[in-house]
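Please find below my notes on the model you sent. They are set out as numbered points, to be read beside the sequence and the structure.

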Amino acid sequence: MALYTTVTDAITHYTGLSPAAFFTISALMVVAYKVVSGMFVAADDYMAVKREQQYAQREPVQVGSITEEELKPYNGSDPSKPLLMAIKGKIYDVSRSRMFYGPGGPYALFAGRDASRALALMSFESSDLTGNIEGLSASELEVLEDWEAKFEEKYVKVGQLVSEKASTGPDEDQTKAD
């Protein structure tokens with residue numbers, strides 16, 4: 001009983017609160033902490049996030065000139081591949097932001113493609129997920145320029161989109177015709 005009295009007197013003396021108010025506030029703070037921290041990373045997802053961060057620390061791989069079709073596999077569905085996306089034909093490695101551009105992220109639909117039009121229009125419509133910027137207004141092109149500047153500053157450029165791969169010889173043309 002002496003311990004209980006000592007603790008309640010110490011709580012009142014140091015905090016100015018009654019023991020009931022002190023424990024109520026403490027319990028509310030714990031609940032608030034759990035709720036807020038749960039918004040960001042669930043406890044069982046911690047290891048998955050840690051693995052993703054380790055992946056993001058890898059050196060960017062230069063892909064060179066590739067077509068839009070060749071860019072598609074870099075959408076995050078294969079964790080062994082870098083996460084790539086393009087703006088105005090320039091391909092950037094966005095692996096370090098896998099939480100945003102990877103599967104389940106808010107911008108996951110931009111990965112593995114040229115998202116110029118969607119970024120300019122600030123749109124998540126599938127019809128806008130293209131590199132075609134024809135018909136955009138001056139203000140929309142300015143928004144796209146801002147996005148491009150942010151990407152150039154934050155991410156490594158690893159390649160360039162090309163409309164079609166150039167054939168390397170007559171044998172390749174013949175196999176395409178078959």
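Is glutamate 145 buried, partly exposed or exposed? Glutamate 145 has a relative accessible area of 40%, so this residue counts as partly exposed. The points below start with the general layout and come back to this glutamate and its partners.

1. Status and layout. This is a predicted model. The chain contains eight helices and four strands. Read from the N terminus, these elements follow the order α-α-α-β-α-β-β-α-α-α-β-α.

2. Totals. The chain has 178 residues, and 28% of them count as buried. Its accessible surface is about 11,900 Å², with 57% of that belonging to carbon and sulfur atoms. Among the contacts with a separation of 6 or more, 58% are between residues 24 or more positions apart.

3. The N-terminal helix. Helix α1 covers residues 2–15, which is 14 residues. From first C-alpha to last, helix α1 reaches 20 Å, close to the 20 Å expected at 1.5 Å a residue. Glycine 16 comes just after α1 and has a positive phi of about 80°.

4. A nonpolar surface patch. Val31, Val35, Val36, Met39 and Phe40 make up a nonpolar patch on the surface. Together they have about 530 Å² of accessible area. Valine 31 belongs to helix α2, residues 19–40. As a reminder on helix geometry, an α-helix has 3.6 residues a turn, so residues three or four places apart point the same way.

5. The largest nonpolar core. This core has 17 residues, and those touching the most other members are Met85, Ile87, Val94, Tyr101, Phe110, Leu119 and Phe151. At least two residues of the core come from each of β2, α6 and α7. The biggest share is that of α6, with three residues. Outside its neighbours within four places in sequence, valine 94 is in contact with Leu83, Leu84, Met85, Tyr101, Phe151 and Tyr155. There is also a second, separate core of nine residues, including Ile66, Tyr74, Ile91 and Leu161.

6. Lysine 88. This residue sits in the loop between β2 (84–87) and β3 (90–93). Its phi is near 50°, a positive value in a residue other than glycine. Lysine 88 has a relative accessible area of 32%, so it is classed as partly exposed.

7. Lysine 88 and glutamate 145. Side chains of opposite charge can pair when their charged atoms come close. Here the side chains of glutamate 145 and lysine 88 form a salt bridge, at 2.6 Å from N to O. The pair links distant parts of the chain, with glutamate 145 in helix α7 and lysine 88 in the loop between β2 and β3, 57 residues apart.

8. Lysine 88 and glutamate 148. Lysine 88 also has a salt bridge with glutamate 148, where the closest N and O atoms are 3.2 Å apart. Because lysine 88 lies in the loop between β2 and β3 and glutamate 148 in helix α7, this pair ties together parts 60 residues apart in sequence. Glutamate 148 counts as buried because its relative accessibility is 5%, under the 20% cut-off. Salt bridges with shared partners join Lys88, Lys90, Glu145, Glu148 and Glu152 into one network.

9. Other contacts of glutamate 148. Helix α7, which holds glutamate 148, spans residues 138–154. Apart from neighbours within four places in sequence, glutamate 148 is in contact with Ile87, Lys88, Lys90 and Tyr92.

10. Another salt bridge. The structure has five salt bridges. One of them joins glutamate 69 and lysine 72, whose closest N and O atoms are 3.4 Å apart. Glutamate 69 is exposed, at a relative accessible area of 55%, whereas lysine 72 is partly exposed, at 45%.

11. Lysine 154. This residue is in helix α7 and is partly exposed, with a relative accessible area of 42%. Apart from neighbours within four places in sequence, lysine 154 is in contact with Arg96 and Ser97. Lysine 154 and serine 97 are 57 residues apart in sequence, and their C-alpha atoms are 9.9 Å apart in space.

12. Methionine 122. This residue lies in the loop between α6 (116–121) and α7. Methionine 122 has a positive phi of about 50° although it is not a glycine. With a relative accessible area of 61%, methionine 122 is exposed.

Methods:
Residues numbered from 1 in each chain as written. Predicted model: local features only at pLDDT ≥ 70, side-chain atom pairs only at ≥ 80, totals over all residues. Heavy atoms only, no water. Contact = heavy atoms within 4.5 Å. Patch = residues over 30% accessible without salt bridge, like charges linked within 9 Å, V, L, I, M, F, W, Y side chains within 5 Å. Areas by Shrake-Rupley, 256 points an atom, 1.4 Å probe, with all protein chains shown as cover. Salt bridge = Lys/Arg side-chain N within 4 Å of Asp/Glu carboxyl O. Buried < 20%, exposed > 50% of the residue type's maximum accessible area, 1.4 Å probe, protein only. Core = buried A, V, L, I, M, F, W, Y, C linked by side-chain atoms within 4.5 Å. Expected span 1.5 Å × (residues − 1).
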